[in-house]
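Welcome, and thanks for taking a look at this one with me. Please load the coordinates in your favourite viewer and keep the sequence at hand.

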Amino acid sequence: MILIVNGSSIKLPNAENDRYQRTGRDEQDIVKLIQRDGYMLYEKIQHDQKKLLPRRRRAVTALPERLWNNATVPYVVGPNITAVMLATIHQAMAHWEENTCIRFVKRTTQKDYIEFAPGSCGCCSFVGRRGNGRQYVTLSPHCTYYGVVIHELGHVIGFWHEHSRPDRDQYITIVKDNIEISKQDNFQKKSIFEIDSLGQPYDYYSIMHYKEKTFSKNGKVTIETIQPNIQIGQRVALSPGDIMQASLLYNCPRPSCDKVFNTSYGKFSTPNYPIKYYKSHQCTWVIHSIPGHIVHLEFSSFSLETSMNCTFDYIEVREGTSEHGALIGRLCGEGSTGIIHSSVGLWIRFHSDATVSLKGMEAEFRLIKSLEQADTGSGDGSGGHFEELQRSLYIADCDQDLTHHRGGVSSPLVPVRFTGVVRCAWRIGGGANATRVKVSLLRRTLSKTSRCLGNIYVLTENSKQRTGEFDRYKRVPYNCANTSSLVLNTSKVVIHWSSDVHDAVHMAYIVDYDECAAQSHKCAHDCINTMSGYHCACHRGYILTNGQECLPKLVQFSDTCNSTLTSIRGRVRSSTEPYGTCDWYIKQKAKQRIMFSFSKFNIPSSANCSNTYVEVLAGEGKDLTSKGRYCGKELPSAITTVSGKMVIRLHMTPQKGVRMPYFSARYIVYNKQESFCYKRLTGKGLITSPNFPKTYPHNYVCIWRITVKSKHRIKLKFDTMDIENTKNCEFDYVEIHDGRHRISPLLGRYCGKKIPRKILSTGRHLWLMFITDESGAGRGFQLHYSPEAIMPNATGKIN
């Protein structure tokens, strides 16, 4: 199963990527999508190899746009779809929905949607979401088979054919001599720019794979598998690999893999086994034993990333039924692990990091009667003495007073043959300075009942007026099925657990103390209390240093040669030092963006700017790259670099009668390329800062270009203004220029809360930029823009 899109943004350089995939019972043709003069034409590749119309390349540069929003595909059923065909469509949709997070819903007002309809192209579908309204999924009568419709829906959500993968030559051989000439395009191998398999292995069993004789002209195979005795081209159901890739593509929630076994035999495996397991994932399995028996655990297959001390991906096995049991071993690598035994149950955890992913492991266990139980007993077959010893072992730590700031509690293992009731009570007390307790439900059985995990009580505010133990507490209601954590505003929590009414559970807790209220912090301005700690924050216009101190935000300035500027805002002015070469070094963190722009510029002109000039270079040391060399009086355009390093070089050659060079410039620093918004606007409308009216994000750059029709100018009217206020609006601000570019005349730079007066352009263009730094955000701004006719003066000319 091959994906046209990836979770990350991949650009396709001149890729002819907009295609319909067509697949019938015998894997029909691909239908090419051709765009000419704004109309969409369909041309089927015929057997007679007729000459193709010239195709216009499409600029597909934002592949995430091919994903369906919220993993939801709106659909419409055409009037010519039969009842039998409709039933098959619903069954195929249900199959996708049962195995992934993708959903198909009847269209209401959604712009983009699919429409099922019969047609002359047989079975065909566009790959992914087109983004321009309706797109057809064509199902002719001979295509309405369950597996074929599942296949077509795979194209809809963004899958190419499996045999088109860039790495396919390691797994299959395409026999071109056996392929119908007009169908050879269907067997083209895609480049890594067109297909991203999301790190998953080649899948012979994918429902998106062709059969071995598809489009054969002589009855011989067109696809040979390098691995022998492999059947390809199944149309029965989604393969595990199909499900895995769809889940990765749409960032589906990962299924829970925690499980508690109370049986004498069972099997378990890492998620998606034998397909690669999830990265950054964790599972826990608990195997309960019963008195007189031993857990016998064996791994039938094992393949995890190898690392020293198994620190990256591993299986951890402990005695007992909690993570606090004695460590038996931590396992990784490939091969056999042998057999593991325990008489008190086993606790097994799988952990993977964010890098390598292999096929994982599969294990099975069984309970075997121990020799001690076979030789010892009461004579009546009950084995009561041994059972009571085991019970005392299981519930020894069931009643506890917990005074540590953090910790965990686990319900005990209740022997299967034990007929009584085990009750536990854990009392979590933080002392007088505690303000709240967070309880996280980390492990639980997977039963679908509504049984809760325990009764949780908190100390009431008027507890001093109560006399009885439980009069001072009130019970905390919570959703037994869905609650994963509770934050309780109390200094003491009591958890009651009973084996007859509660599911087995493992809980972790953290006691929080309000260091801010206790004045035990060292924050210069604001103290913000967090769970198990605090952090400092500064007022607007200040920046946090050393985690505690707040200093005024300042713009670094230099007119001295060979200076280094490290602040996130800065100014540079030409030096008055003797002739020669003068450098300024702007140094920021790696991968930060630097935007450098001139505000004044007057450098003596020369051919190719060879005598006196200003040169802007990106990088440092041997990796310096020139971004431009400038001279004359024309203000250069803004220059941006993504390396976090920039050098401004002024070279001065003495020339008789030539003026002293002069320039003034400023730079700003922002972080991520994704934190950039750019829009072209026309007519009238509304502009707001990102997230308005909520707090705008840090390190953000937005640019708007407004254009209105001729003989009109643009009027701006601010409705709201709440931007961090600093001297000269150097850090967070809105900047407006009277023209198309940043080098156009500046109309104003605005920050603070004072609403600017009405702004009018002199022509039909305005350029706006909103930029923020790393702290001190406000609600932002909102403004309206509209065209205004330019009235002629008394002479009849336009002012």
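What follows is a tour of a predicted model, going from its disulfides to a helix, a strand, a threonine and some aromatic rings.

**Disulfides**

Let us begin with the covalent cross-links. A disulfide is a covalent bond between the sulfur atoms of two cysteines. How many disulfides does a search of the whole structure find? The search gives 7. Three of them are set out here.

| Disulfide | S to S distance | Angle about the S-S bond |
|---|---|---|
| Cysteine 257 and cysteine 283 | 1.8 Å | -95 degrees |
| Cysteine 561 and cysteine 582 | 1.9 Å | -120 degrees |
| Cysteine 729 and cysteine 751 | 2.1 Å | -75 degrees |

The link of cysteine 257 and cysteine 283 is left-handed. This pair joins distant parts of the chain, 26 residues apart: cysteine 257 sits in the loop between helix H3 (240-249) and strand S13 (259-261), while cysteine 283 belongs to strand S15 (residues 282-287). Cysteine 257 has a relative accessible area of 14%, so it counts as buried under the 20% cut-off. Cysteine 283 is buried too, with a relative accessible area of 0%.

The link of cysteine 561 and cysteine 582 is left-handed. Here the two partners are 21 residues apart, with cysteine 561 in the loop between strand S36 (556-558) and strand S37 (563-565), and cysteine 582 in strand S39 (residues 580-587). Cysteine 561 and cysteine 582 are both buried.

For cysteine 729 and cysteine 751, the link is again described as left-handed. Both of these cysteines lie in loops: cysteine 729 between strand S49 (712-722) and strand S50 (733-737), cysteine 751 between strand S51 (746-750) and strand S52 (759-760), with 22 residues separating them. Cysteine 729 and cysteine 751 are buried as well.

**Helix H2**

Next, turn to helix H2 (residues 146-157). Its 12 residues reach 17 Å from the first C-alpha to the last, close to the 16 Å expected at 1.5 Å a residue. Is H2 mostly covered or mostly uncovered? H2 is mostly covered, with 11 of its 12 residues buried. Among the buried residues are His151, Glu152 and His155, alongside Val148, Val149 and Ile150. An α-helix has 3.6 residues a turn, so residues three or four places apart point the same way. After H2 comes glycine 158, whose phi is positive, near 125 degrees.

**Strand S17 and its partners**

Strand S17 (residues 314-319) is mostly covered as well, as 5 of its 6 residues are buried. S17 pairs with strand S21 (residues 346-351) in the antiparallel sense, over 6 bridges. It is also joined by 4 bridges to strand S18 (residues 327-331), again antiparallel. Isoleucine 315 is a handy residue to follow here: its counterpart in S21 is phenylalanine 350, and its bridge partner in S18 is leucine 331.

**Threonine 772**

Now look at the loop between strand S53 (765-771) and strand S54 (780-789), where threonine 772 is found. Threonine 772 has a relative accessible area of 0%, and is therefore buried. Which backbone atoms does the side chain of threonine 772 reach? One is the backbone oxygen of proline 697, at 3.0 Å. Another is the backbone nitrogen of tyrosine 700, which lies 2.9 Å from a polar atom of the threonine 772 side chain. Leaving aside neighbours within four places in sequence, the contacts of threonine 772 include Arg569, Tyr696, His698, Asn699, Phe731 and Asp732.

**Aromatic rings**

Last come the ring pairs, of which the count is 22. In one of them, the rings of tryptophan 584 and phenylalanine 663 have centres 5.8 Å apart and planes at 90 degrees, so the pair is edge-to-face. Tryptophan 584 is in strand S39 and phenylalanine 663 in strand S45 (residues 662-670), 79 residues apart. Both tryptophan 584 and phenylalanine 663 are buried. Phenylalanine 598 and tyrosine 630 form another edge-to-face pair, 6.2 Å centre to centre with 65 degrees between the planes. This second pair connects strand S40 (residues 593-602), which holds phenylalanine 598, to strand S42 (residues 625-630), which holds tyrosine 630, across 32 residues. Phenylalanine 598 is buried, with a relative accessible area of 5%. Ring pairs link Trp584, Phe596, Phe598, Phe601, Tyr630 and Phe663 into a cluster.

Notes:
Residues numbered from 1 in each chain as written. Predicted model: local features only at pLDDT ≥ 70, side-chain atom pairs only at ≥ 80, totals over all residues. Heavy atoms only, no water. Disulfide = S-S within 2.5 Å. Helix = DSSP H or I, 4+ residues; strand = E, 2+ residues; numbered from the N terminus. Buried < 20%, exposed > 50% of the residue type's maximum accessible area, 1.4 Å probe, protein only. Pairing = 2+ DSSP bridges. Polar contact = N/O pair within 3.5 Å; in protein donor to acceptor, adjacent residues only side chain to side chain. Contact = heavy atoms within 4.5 Å. Expected span 1.5 Å × (residues − 1). Phe/Tyr/Trp six-rings, centres within 6.5 Å; stacked < 30°, edge-to-face > 60°.
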